[in-house]
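Please look over the sequence and the model below before reading on. The paragraphs that follow take the strands and their pairing, then one buried loop residue, and then a pocket.

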Amino acid sequence: MDDMLELTRHFPEVEYAPGDVVITEGGDSTGVWILVSGSLRVTKDGKDVNTVTQPGSLIGEMSILLGVPDSATVEAAERCVMRY
């Protein structure tokens with residue numbers, strides 16, 4: 001995961017406040033996001049399915065790779081910094 005942070009160190013960063021939505025289930029893919037800090041809550045059909053806390057984690061990559069709508073909603077569980 002540290003490699004991903006190093007590879008993307010020049011990418012733009014965006015801050016999210018708790019509750020801000022990064023990706024919406026069923027929405028059009030907007031790209032691949034990389035978690036720099038904070039934690040993310042992942043829900044599917046309104047149910048919690050995961051929490052992402054590891055810096056360098058990729059978000060949204062499956063939708064981009066498969067060319068399909070986003071399969072889950074991802075929102076900031078706490079203040080987050082993301083790269084895209």
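Two strands are said to pair if DSSP finds at least two bridges between them, and the elements themselves are DSSP runs numbered from the N terminus, with helices (H or I) of at least four residues and strands (E) of at least two. This is a predicted model, in which local features need pLDDT of at least 70, side-chain atom pairs count only at pLDDT 80 or more, and totals for chains, interfaces and linings use all residues. Residues are numbered from 1 along each chain as its sequence is written, and side-chain values use heavy atoms, with hydrogens and water left out.

A convenient place to start is strand β7, residues 73–76. Strand β2 (residues 21–23) pairs with β7 in the antiparallel sense over two bridges, and I23 has V74 as its bridge partner there. Strand β4 (residues 40–44) also runs antiparallel to β7, joined to it by four bridges, with L40 and A76 as bridge partners. In a regular strand the side chains alternate between the two faces of the sheet. In β7, T73 and E75 point one way while V74 and A76 point the other, and all are buried, that is, under 20% relative accessible area with a 1.4 Å probe and protein chains only.

The loop between β3 (33–37) and β4 holds S39. This serine is buried, with a relative accessible area of 9%, and its contacts (heavy atoms within 4.5 Å) include E75 and A76 of the strand just described, as well as V52, T53 and C80, when residues up to four places away in sequence are not counted.

An open sheet is formed by four strands in the order β1-β8-β3-β6, with antiparallel pairing. Its edge strands are β1 (13–16) and β6, each of which pairs on one side only. Within this sheet, three bridges link β3 to strand β8 (residues 80–83) in the antiparallel sense, and L35 stands opposite M82 of β8.

Where, finally, is the largest pocket centred, and which residues lie nearest? A pocket here is an open set of points on a 1 Å grid over the protein atoms alone, where a 1.4 Å probe fits, with protein on both sides within 12 Å along at least five of seven lines, and lining residues have an atom within 4 Å of a point. The largest pocket is lined by 16 residues, of which I59, G60, S71, A72 and V74 lie nearest its centre. Among the elements of the lining, α2 gives the most, with three residues.

Notes. Buried means under 20% relative accessible area, exposed over 50%, partly exposed in between (1.4 Å probe, protein chains only).
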